[in-house]
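Grab a pencil and let's work through a few exercises on aromatic rings and overall shape. Have the viewer open as you go.

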Amino acid sequence: MRYLIISDIHSNLEALEAVLKDAEGRYEAVLCLGDIVGYGPSPNECIERVRGLSSLSCVAGNHDWAAISKIGIEDFNPDARAATIWTQKTLTTASSAYLHSLPEKIVLEEKITIAHGSPRYPIWEYILSTLTALENFRHFETPWCLVGHSHVPVIFAFRESKPNFCDAFIPPENEPFFLDPDFRFIINPGSVGQPRDGDPRASYALLDSEKGVVELRRVAYPVEKTQAMMEKVGLPPRLIARLSFGW
Ligand SMILES: [Fe+2]
C-alpha cells in the first residue's frame, strides 16, 4: 500500500492543500498523525478536508483534545492557550464530534503503528532524543511506528542485535529511503502546518509498505495567505510570525 503521511496540520489549510497537490497520484491511503487543529485560522476547513480523504486512518493529537476540552490547557504556553480558546469557540458541532471520535493509536497491516506523540504515551510524549526513541521501541510490535508532535522530520532506527543503541538521522528530502528489514524504525514526517526545523515549507512523507520505502518531502505554500487569515481572526502575532521562519 502506498501511504500519504501527514501530521500537525494545525488549521493551516493552505499548507495542507499544497501537500495534497504535491502528493497527488502517489498514494492510495492516508495516515494522519494528529493535531489537525490548533494555532492556525482554518480548523473546520482542515477537518473537513482531512475527513474527505479516501482510505483515511487518523489519530488524535494533544491540540485536537485540547480543542474539545478533553484535556486542560494549563501546560500550554500563552500563545497556544489563546489559539486553543479561539479554536474551541470556532469549531462546529460536527468538527468537535469528529475530533472526539479519533483514537489514540492505530495498527495497520501488522506493519505500521501510528500515534501522535509516541507509542508509549500517544498524546503527550515528544520523541526528541535517541534515548526516548530507544525506550519507545519496546512499546510497539510492528516494524515501523509513525509519530508527529515535535514538528521536526526525523527517522530513528533500532535493531534487536544492538538493543542498547538507537540511531537518528534525516535522509535527503524528496528521495526514497529504503527501510532495511533488519531494523525497526520510528518515523516523524514533520509538520504540514507549522514546521519547526528552520524550514518554513510544509513537511510530509510518503510510505510504500510493500517496497519498504519512505520519502520525506517538503513543499512551499503561500505562507502570507495563512498569516493574513490569522491576523484577520486575531490570533497571536508570535504564532503568525513563526510561520515565515519555521520555528
Ligand atoms: Fe502539534
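Which Phe residues form one aromatic cluster? Before solving it, note that this is a predicted model, where local features need pLDDT of at least 70, side-chain atom pairs count only at pLDDT 80 or more, and totals for chains, interfaces and linings use all residues. Residues are numbered from 1 along each chain as its sequence is written, and side-chain values use heavy atoms, with hydrogens and water left out.

**Exercise 1. Solve the cluster question.**

Step 1: Get the rule straight. Rings of Phe, Tyr and Trp (its six-membered ring) pair if their centres lie within 6.5 Å; planes under 30 degrees apart are stacked, over 60 edge-to-face, and the rest tilted.

Step 2: Find the members. The cluster is made of Phe 169, Phe 177, Phe 183 and Phe 185.

Step 3: Look at one pair in there. Phe 169 and Phe 177 are tilted, with 5.2 Å centre to centre and 50° between the planes.

Step 4: Check exposure, where buried means under 20% relative accessible area, exposed over 50%, and partly exposed in between (1.4 Å probe, protein chains only). Phe 169 has 22% relative accessibility, so it counts as partly exposed. Phe 177, also at 22%, is therefore partly exposed.

**Exercise 2. Count the aromatic pairs and describe the one formed by Phe 137 and Phe 158.**

Step 1: The pairing rule gives 6 aromatic pairs.

Step 2: Phe 137 and Phe 158 are stacked, at 4.9 Å centre to centre with 20° between the planes.

Step 3: Place them on the chain, taking helices (H or I, at least four residues) and strands (E, at least two) as DSSP runs numbered from the N terminus. Phe 137 is in the loop between α6 (130-136) and β6 (144-146), while Phe 158 belongs to strand β7 (residues 154-158), so the pair links parts of the chain 21 residues apart.

Step 4: Phe 137 and Phe 158 are both buried.

**Exercise 3. Find a charge over a ring.**

Step 1: The test asks for NZ of Lys or CZ of Arg within 6 Å of the ring centre and within 35 degrees of the ring normal.

Step 2: Arg 184 lies over the face of Phe 140, 4.4 Å from the ring centre.

Step 3: Lys 162 has its charged end over the ring of Phe 165, 6.0 Å from the centre.

**Exercise 4. Sum up the whole chain.**

Step 1: Tally the elements: 8 helices and 12 strands.

Step 2: Of the 247 residues, 58% count as buried.

Step 3: Along its principal axes, the C-alpha trace spans about 55 × 35 × 30 Å.
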